[in-house]
Structures are given as C-alpha cells and as structure tokens.
Amino acid sequence: MPSPFPHMMCGLPVLPSEPRNARHLASSMVYTITMAVMSETHDLMGRATVARQVEHFLVTGTSVVVTGAPGIGRTAFLDHIAERLSTTHHVLRSTALPCCADVPLETLHDLLVNVADSAGDAAGMDRRAALNVLSDLARTTALTVILDDAHHLDTATADALTLARRRVRGLTVLASVPESARWLEALPPVRVLTLEPLHDGVVTKLLEQRYGNLPEELRLLVVELSSGNPLYAIELAKALRSCLKPLRPFESIPITPRLRAVLDERLHFHGELDNQVLLAAAAAWRPTRRLLAAFGSDESIARAEQAGVLVSDAAGCLRFTQPLYGRHLYVSASVTRRRDTHAALSVLASDPLEELRNRALATRGTDRCLAAALAACAKEAARTDPSLTLELSYLACVKTPPDAQETLATRLLAQSTYALGSGRPLLSRHLAESAINIAGPSVRATARLQLAEAAGEDSPAATEFLDAALADAKSDARVEARVRLARARALHNQDLEASLEEAARAEKAARQSQDDDLLISIESWRGVVELTSGRTEGAERLEWAHRHALRRGLSVPAVQARRMWATELMHQGESARALAAVHDLRIEVERHEQAQELGGVLSTCSALLDRAGRCANALVVARRAEHLLKVSDPFASLLARAAAEVNAGSAAVALDRATRALEKAGPSHGNRAVALAVVGRAQLVTGDVEAAVGTFQQLAVLTEHMGMSDPAVTLWQADFAEALIAARQPVRAYRVIRHALDEADRLGRWAALVGLSRAEALWRAADGDATGAATGLRGDLDRWYDHPYRLDIARGHLALGKILRRSRRKGLARVALTEAFERLTIAGAAPWAQAAASERALLEGNSDQQNGPSAVEEQIIEMLKHRASNREIADTLCLSIKTVEAHLTRLYRRHRVRNRRQLIDSLDRARP
C-alpha cells in the first residue's frame, strides 16, 4: 500500500523519489526546507487543546481551516495532525507554492503522485480522474487531505477539492492559511480555528527547552519582541545569546538570516504600503494618527492597518502589531533617513519630551546644554514612563562632552538605576561598571551599591560589592547610610541581630546627612523586620515613618512607608483605617501619574481588600497591578495576581502564578515565604492536601529560620493546620495551632485569632469532640460578628457547617452553611462559595442532582472531551495526578458512571 503520508517517513522530511519536472523538484525542495525550518518549532506546548479540537472535527467529518500569522507554527501543527491521523486515515499532504498558483491542477497532481500508478498518471489526471482516485481511497478508510499555505492553491485544484468534498463520503480537508481562503468557505461544513500567539509562560518553556536557562533580562526581551510567535522567539534567542554586551536603547537587535527573511517577506508582502509612514511610526515615541499623516496620506495609514501591520492602541497611538516589525524597519533604514525622520518629528511633536528626544536623535556630536536637558527630563519622566526614561538617560550620556567625566559617571549611574527599574539588570550592571571606571569615591560607592542590588541582596557577590562600597562611602554620610541599609538587608536572612545593628548605624548616618527620605526608608524597613520577628516596637517605627512620609509628597520612600503603615493597620485589625489610607495613597499616585509606584500601591490595595473580604474587588485591582509590575518587578506582578485569584477566581490560575512567582523569588527568604503561603492555599483549595502539607512545611522551616513569628503577616498557620487535619495528621496540626495562638497572644494580634479558631475547631472535631468544637466555634463567630477579616469569618461558618453536617445535626448545619454561602458570595470568594454549595448539597443528600461541577471539574470535563490523559490534565491545571484522579472519582460517583466515556455521554444527555 502506498504511504498515506507521502512526504514524511519516520517523522523526517524526504523528497519524492521521482519528481515529475523541474517545477515539482523546486516545489519539493522548498517544501523540504520549510519542514526543516519548522521542525525546530514542532512542539505543541500551548497547542494541545486546539490539536484535540482539530482531530475531533476531522474524525467526525468536518473540514478545518487553521489560520495564524507567519512563524506562528502552522506547518509544524499540520505535521503533528498528519502524524496522529496516519494510523487511522489515508493522509494526502502537500504545500501550495506561489510559483504554482497559475498552473491548473498542479497541487492536486502533487497530492496524488504517491497514490497513482505512476508519476506520469498523476500528472495527466483531469478533475474526473482525480475524483475517482479520491473516491477509491475513501471507500476503505477515512481520507484526509492536508494542505499547507492553501491560499496559494491554483483555482482548478481548489474547485476540484470543493467538488470532491461534496461528493466523496469520508473525505475531510485540513488547510492552513494566513487568513481564510474564500473557496474553503464553501466546504460543507467547515470550522475555522486560529493558532493564537503563545502565552508568555509557554514561550518561556519553549526557550528553556531549546536553550536552557537564559538570563532573565534576555528572556524578557525575547518574550516582549516575539509577542508569542514561536519562530520569532527561537530565532531571537539564538541571535541574542551571542551578544557579549546587553543591548542599549536604539541599538540594532541581532537577527538571524532566517528571521530577517521572514520579516522582510511580511513587511514587503503588501507592496503598496508607504515605507516612510512605517519608519515614522517606528521612530516616534507616541505615533499618533495626526503625526503620521504628515509623512503620508490617510489612505496609506489605512492600508497599513488593513494589512495588519499597524493597529491603534488604547491611547490612540498607532503601534506595530508585532514589535519586531518596528525595530527591524528602524535599524534597516540608513542613518541619514533616521536622522531626517527624527528632525521632522521634532518639528511636529507637541509633547516637550517627544520634541527633545527627537532633537537629540536628529543631531550629531555632543551638546552640553542638550545633555543637561535630557538628564533633567529623564528624572522627570522616571515615575510615569520607565521606558522613555531609559531612552532619555541614554541620550543624555551620549550627548555629554568627553571632558565632563564626573558628570558622565553620574549620568551613567542614573541610567543604571533606570535600567534596573525597567527590568534590565544586565544593562544596569554594565552601566554601573562603566561608571566605576571614571567616577570619584561617592559615585563609585553608589555604583557598587547598584551592582549589589542587581546581583541580589543574598548573593555572595553583593556582599563583596557592599564591602567595597562602604570603604568608598566614608566621606559621604548619605551614601554611607544607603550602603549600611543595603548591608542590613543582606544580613537579614543570616543574622537578625547583626542586621538590626547595621540598620541602627544606617539611621545614625542618615540623621547626619539630614536626608529625610533616606531616614524614612530605614525606619520603615526596621519597623517591618522588628514586627515580623515579634518585636512590638516596630509598630512605633512604622507610625513615625508614616507621619514623616505624609510631609514628603510622593517620593519613593514616602510611598513605600505609607504602604507599610496601611498594611500594619490591617494586621492590627483596623481594616477601615487601612483601606482608607491605601485608597488615599492610590488616588494621589494616580493623580500624579506615577506609574512606577502605582503598581506597588495597587498590589497593597489588593491584599488589603482581599483580607477585608472584598475578594472580587481585590482581583480586579490585582489584575491591573500585575500588568503594571510585569516588567519592573515580575515577582510582585505574579504574586499580586495569585494571592487575589486563589480566593476570588481560579485556584488553578493562582497555583500557576504563585509557582512562577516562587521561581522568580530568587534567594530572598521573604519573597519565598509569601509565595509559598499562596501556593499552599491554592493547593488546599484544589483539594491537593498532600501537596499543601509539603508546601506549608517548607514555609514553616523557612519562617523559623528567618525568625518570622508574627501570625498576622500571611495567615498561613490556620491553612497549614487545616491541610494537616485533612491529611489525617492531627498531632502536627495541634502543634501548629498552639504555637500560632501563643504568638498571637504574645504580640497582641487578636485579629489573627479568628482563622486559628476555625482550625482549632476542625482539630477538635477530628479528635472526636464534634459537639465541643461546634459549640466553641459558634461562640467565637457570634463574638466576632463584626470582625474586620470578613473572609475568615465566612470560612469559619463554612467550617462550622462541615462539623455539624458530619455530626448529623442537619438543621444547624443548614443554617451555618447558608450563612457561609451568603457571606462568601457577597465577598466574591467564588472557590469558597462553591465549597459551601457542595457541602450544602451533601447535607441535603442530593449532591448528584443539585451540585454542579466546580470550576476545576469543569476544566477537567472540557479536557476529557478532547481526549486528554490524566497526565495532560495535571500538567495543564498544575495539579497532581492523584488530585485529578480524585476529581474524576467524584464525577463518576455523581453521575453514576464507571469511565470517562460514559461520563461524557452522561453530560451530553444532561445538556439542555
């Protein structure tokens, strides 16, 4: 029997053995090269669901059109489907080429060359003969025709396949096109599926698979520029890995010949596009429609939008749909053309910063006055637009005359600071090292301090930098205070007492320098460390820092001090004051458009809203914080979203974000602790109690090592005890509860008692005293009716309902569970409300009929419909296989079935 997959043997591309003619040989060679190129991205990470959908449609007789941008992986995707179908289908595979678009039936002959008696017979077939061959193939086995780049099909082949699809039973077509081809719309029936850009996490996994662990800055740059395109990501990473120095603003990005060819083809595919308009869009900081209209007509702008090259963003600026298009166009233009474009933009710009930026790029040589203006504008823009700040500070350095070495060192150091804030640690380190070579002692000490911060507080390299910086800083009290504060931070995870002593020396130096902002930073940090380690005097320091911060406007230390004080108020149970404080701060920061501080303020606001039981609002705020912090602080970005998601959204999403945050926590024990707390709670919500116990145990060891004893900081002890009880480890649970209660009593953290009371009641019930547990917990909940931690109160009612239901006190359990459900619904705590609904359904004894699937179960059901294995479900939803099996067991029992096939049939029958 002829091979059902003529161009593939053992997964490797091969040429047909007998090419019909020169054109077919060229076609086959291009096809082979394309396959070799795309085999590098032949990985279905992020595509498994779409692949299962395509297979399902083809098996059920529905033709499919797969669309996607160039380089998105359409060819590799079709290869995968062909391999999967080749065991059960006749698969005919071909690629339509532009050079054959005008040759009648050329692609059809190429499809049939390996199933006809000879190559000559295939070349001589007319449409009727081809239909007969397709009919013969489809009689015994289902037949699938797979066409890549179907938009290049010749008209005769398109018509023949349309007719064959109507007349031949068992024939389906799978085609890939950049955009839906018209003839495919006539196929009865047809589904159009789009290969969307890969998520950032999937691109990261792809890069790790190909190149191992890339530097974080390089990875972020590749993810940003590739915009989810796997080919772009792989080629960019390949080129950037060879760079010896980090890229500075306006420097050309190294591009492989393959990627350059793809970009040139994409940008020149529409020959009518105005290249000058596109260059202006690439050169301008805010390319508005009015600005670009000065370089071309409105029609030329409209053509670029219709071609999918430009798109209008929320601010009304025209951006490239793929960031790499703009970078490639800009660096491909000559220096003269770029300068002329910037000169024209400087005349047309209405924004002073835009005018200054373009004037600097349009002029040659150094300019002392221009450099000073650029440095001042960079400082002004630092809080509103970090990327623009980095460009302006770079231009300030470029325009600084060579005889002003100390000034240049100061500006290099400022640029280093901006680079670090923009998520560019490698560039920050390179700039700081450059400043050290030409700077005096004070600037040199500050540069070494910058290097220590870029290296990470807990790294050995940071200690060396800080020691050297302290030696240089003796003559400058302000710099000495900054260095000593950094040393205190570095010592925190190693020796708490030594850390606090160094912080005291930093305070003394700061008072000598009379730098109020620096003093606020030191006192805020000391206050937090003292409180988390069980020293009540830390609250006084935080209150002092807050009072002085109110007089300092919106400087970075002042904003941080106000955030810390709002958090401490919440820990004290003063939720109304805490929310009012962070709300006022948020309004001020938004009014002054300080984007860099806004992300941190929003993350604090989200955490306080969540603890106050306004979980849905917290999730909305956290999503905005995640976006703002994505570049400057990836760890805080992921953690803010995860912490809000676990209580108000999807536990699976929370677990994914928290796990990724844990990976980015680095050596910082504090970051690891808060990330572990969220991971553990997410695992508890999903029912993976064994994993939750392991996570919380790591957290317990870490916090003990840090001396972090305050139970009000992350409220993880009650969750740990609950997980231990569910895992049938009551003795360990009791120890956790007892220790946390003792610490809460010692530190006066009364607000943390409500969660611990819930955990204690669950432990007493597990120990056999369900009546005493219910009585005690009910009394606590009545006493704390107006407790500020509304979510913990609602979870307390849920725990009470569980205890009463299990002790068969149905009437009281119904009251408790109804109260829990109503409170959790009002709070917007969807996962917990679902748990309350499940308990109530179990109470009524009709869970099979009334209790719908949870959010996690709905995702599992959807993946079952696409034939996902337990391992695939576990990997996709970040669950253990045992947890997936437990969910499936509950679903089988609920629907009275024995396997997944019966489950899907039961769900289909139940669908209205």
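Of the 912 residues of the protein, 55% count as buried, where buried denotes a relative accessible area under 20%, exposed one over 50% and partly exposed anything in between (1.4 Å probe, protein chains only). The model is predicted, and local features therefore need a pLDDT of at least 70 and side-chain atom pairs a pLDDT of 80 or more, whereas totals for chains, interfaces and linings use all residues. Residues are numbered from 1 along each chain as its sequence is written, and side-chain values use heavy atoms, with hydrogens and water left out.

The protein contains 47 helices and nine strands; helices (H or I, at least four residues) and strands (E, at least two) are DSSP runs numbered from the N terminus. The radius of gyration is 32 Å, close to the 29 Å of the globule rule for 912 residues, so the protein is as compact as a globular protein of that length. This radius is taken over C-alpha atoms, and the rule is 2.2 Å times the number of residues to the power 0.38. The C-alpha trace spans about 95 × 85 × 45 Å along its principal axes. Among contacts (heavy atoms within 4.5 Å) between residues at least 6 apart in sequence, 65% join residues at least 24 apart.

About 39600 Å² of the protein is exposed, and carbon and sulfur atoms supply 51% of it; accessible areas come from the Shrake-Rupley method with a 1.4 Å probe, and for residues only the protein chains shown count as cover. The mean positions of the 112 positive and 109 negative charges lie 3 Å apart. Lys and Arg count as positive and Asp and Glu as negative, without His and the chain ends, and each charge is placed at NZ of Lys, CZ of Arg, CG of Asp or CD of Glu.

Three helices were examined for span and cover. The expected span of a helix is 1.5 Å times one less than its number of residues. For the 17 residues of α30 (residues 595-611) this gives 24 Å, and the end C-alpha atoms are 25 Å apart, which agrees. Because 14 of the 17 residues of α30 are buried, this helix is largely enclosed by the rest of the structure. Just after α30, G613 has a positive phi of about 85°.

Helix α30 is also among the elements that cover the buried residues of α20, together with α18 (368-381), α19 (386-399), α21 (425-436) and α22 (441-455). Helix α20 (residues 405-421) has 17 residues and reaches 24 Å between its first and last C-alpha, close to the 24 Å expected. Its buried residues include L408, L412, Y418 and G421. G423, just after α20, takes a positive phi of about 80°.

The twelve residues of α8 (residues 200-211) reach 16 Å from first to last C-alpha, close to the expected 16 Å. V202, V203, T204, L206, L207 and Y211 are its buried residues, and their cover includes α9 (216-226) and α10 (230-240). Just after α8, G212 adopts a positive phi of about 75°.

Two charged residues were also considered. E626, in helix α31 (residues 615-629), is buried at a relative accessible area of 13%. Neighbours within four places in sequence aside, E626 contacts S637, R641 and R657. R338 lies in helix α16 (residues 335-348) and, with neighbours within four places again left aside, is in contact with Y330, V331 and A333. R338 and T155 are 183 residues apart in sequence and 44 Å apart in space, C-alpha to C-alpha.
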